[in-house]
Amino acid sequence: MVRLRSRLSRSQNTLGKGLLTLLSREHLDEDTWEEIEETLLTADVGVAPTQELVERLRARVRVLGTRTPAELRALLREELLTLIGTDLDRTLHTESPLDQPAVLMVVGVNGTGKTTTTGKIARVLVADGRSVVLGAADTFRAAAADQLQTWGERVGARTVRGPEAGDPASVAFDAVKEGIAEGADVVLIDTAGRLHTKTGLMDELGKVKRVVEKHGPLDEVILVLDATTGQNGLVQARVFAEVVDITGIALTKLDGTAKGGIVVAVQRELGVPVKLIGLGEGPDDLAPFEPEAFVDALIG
Ligand code: GDP
């Protein structure tokens, strides 16, 4: 996991190394516990999970007595994993239970990395020998369909698009129809993320969803969140979660931020597992979210 480690280096410095250094102090006084709390909050772990973690660490450190670096590392690893959760279903469901392509809808606010993530998911699937159709249902942003098509050409997936400023739902419908006609394995639908008003968003995404579901149930609705937007991202996430049933989160731009703790906050807040993480702008910079590998990369 060398790559994960190097991409998460900023979070590693604050969260992993920062916490281990603080916990290694000879006297763990109130000031130190406050610093630990601040470190977690700065890394966007969120208020409630931070308090929970600090309480658990305090209790465990108390019974430890002397603390060797190896003991502290093991303890922190265990507690971070408990916080993140190791028993959630983080599989990206790309097989339909029906005899038709799996349909995945990708939602999120513009700029979070929706189109890029859609392209990267397609890349993983195509590399795995699956045939993929992309649906450019973000008809609002003029360049979005071109951007998705470029990704499609890059990774070997066909893009279905409609007229500029056309109806997103009809593009989504056509993409699924095409996918079925071609016998594709997976249809990925990139949607528009206009957070103009909640009703506007609800109308638009709700319609895309309803129309797609004429062909059968959606297999995944992935919410893309930009890790660098911290608590703001959480507010957006809540709005989306009210509009559609999110089945998984893709957390992007973890490579450029020290706020890796947002992984904990988002899934706690939404009750939905983080399934994918974005670690850069390139086609291979997407990884399944594996708590153990993530925590190991954080604490070095
Ligand atoms: P959309 O408007 O949500 O579809 O966002 P885009 O897919 O156009 O992405 C917005 C910007 O974020 C682009 O410059 C992407 O290259 C960049 N981006 C997306 N994912 C990541 C990531 O995981 N890491 C980094 N560093 N940049 C990313």
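This is a short talk on the fold, the cores and a few individual residues of one predicted chain.

Let me start with the whole chain. The model is predicted, so please keep that in mind throughout. There are 12 helices and 8 strands in the chain. Along the principal axes, the C-alpha atoms fill a box of roughly 65 × 40 × 30 Å. For 300 residues, the rule for a compact globule gives a radius of gyration near 19 Å, and the chain comes out at 21 Å, which agrees.

Next, contacts and surface. Of the contacts with a separation of 6 or more, 77% are between residues 24 or more positions apart. Buried residues account for 54% of the 300. The exposed area of the chain is about 13000 Å², and carbon and sulfur atoms supply 50% of that. On charge, we have 34 positive and 45 negative, and the mean positions of the two sets are 2 Å apart.

Now the cores. In soluble globular proteins, nonpolar side chains tend to be buried together. Here the largest nonpolar core has 75 residues. Leu251, Leu254, Ile277 and Phe294 are the residues with the most contacts inside that core. Helix 5, residues 69–84, gives the core its largest share, 7 residues. Apart from this core lies another, of 21 residues, with Leu104, Ile121, Leu125 and Val224 among them.

What does Ile277 touch, once residues up to four places away in sequence are set aside? Leu251, Leu254 and Phe294 are among its contacts, and those three were also on the list of residues with the most contacts inside the largest core. Leu4 is another of the residues that Ile277 touches. The rest of the list for Ile277 is Asp285, Leu286, Ala287, Pro288 and Phe289.

Since helix 5 came up, one residue from that helix. Pro69 lies in helix 5. Is Pro69 buried or exposed? Its relative accessible area is 67%, and the cut-off for exposed is over 50%, so Pro69 counts as exposed. From Pro69 to Glu204 the C-alpha separation is 53 Å, with their positions 135 residues apart along the chain.

Let me move to strands 2 and 4. Val133 is in strand 2, and Leu188 is in strand 4, residues 186–191. Val133 is buried, with 0% relative accessible area. Leu188 is also at 0% and counts as buried. Val133 and Val187 are 54 residues apart in sequence, while their C-alpha atoms are 4.8 Å apart. For Leu188 and Leu134, also 54 residues apart along the chain, the C-alpha separation is 4.9 Å.

The contact lists add detail, again leaving out neighbours within four places. Val133 touches Val186, Val187 and Leu188, and its other contacts include Arg158, Val160, Ala175 and Gly179. Leu188 is in contact with Val132, Val133, Leu134 and Gly135, among others. The list for Leu188 also includes Leu104, Ile121 and Leu125, which are members of the 21-residue core.

Just ahead of strand 2 we have Ser131. Ser131 sits in the loop between helix 6, residues 114–127, and strand 2, residues 132–137. At 34% relative accessibility, Ser131 is partly exposed. Beyond its neighbours within four places, Ser131 is in contact with Gly183, Ala184, Asp185 and Val186. Ser131 and Val272 are 141 residues apart along the chain, and their C-alpha atoms are separated by 27 Å.

Last topic: backbone angles. Most residues other than glycine have a negative phi. Which values do we have for Asp44 and Ala165? Phi is near 65° for Asp44, which is positive. For Ala165, phi is near 60°, again a positive value.

Both residues lie in loops, and here is where. Asp44 is between helix 3, residues 30–42, and helix 4, residues 47–64. Ala165 is between strand 3, residues 158–160, and helix 8, residues 168–182. As for accessibility, Asp44 has a relative accessible area of 6%, and buried means under 20%, so Asp44 is buried. Ala165, at 66% relative accessibility, counts as exposed.

To recap: the predicted chain has one core of 75 residues and another of 21 residues apart from it. Positive phi values turn up at Asp44 and at Ala165. That is what I have.

Definitions and conventions:
Residues are numbered from 1 along each chain as its sequence is written. This is a predicted model: local features need pLDDT of at least 70, side-chain atom pairs count only at pLDDT 80 or more; totals for chains, interfaces and linings use all residues. Side-chain values use heavy atoms; hydrogens and water are left out. Helices (H or I, at least four residues) and strands (E, at least two) are DSSP runs, numbered from the N terminus. The radius of gyration is taken over C-alpha atoms; the globule rule is 2.2 Å times the number of residues to the power 0.38. Buried means under 20% relative accessible area, exposed over 50%, partly exposed in between (1.4 Å probe, protein chains only). Contact means heavy atoms within 4.5 Å. Accessible areas come from the Shrake-Rupley method with a 1.4 Å probe; for residues, only the protein chains shown count as cover. Lys and Arg count as positive and Asp and Glu as negative; His and the chain ends are not counted. The place of a charge is taken as NZ of Lys, CZ of Arg, CG of Asp or CD of Glu. A nonpolar core is a set of buried Ala, Val, Leu, Ile, Met, Phe, Trp, Tyr and Cys residues joined through side-chain atoms within 4.5 Å.
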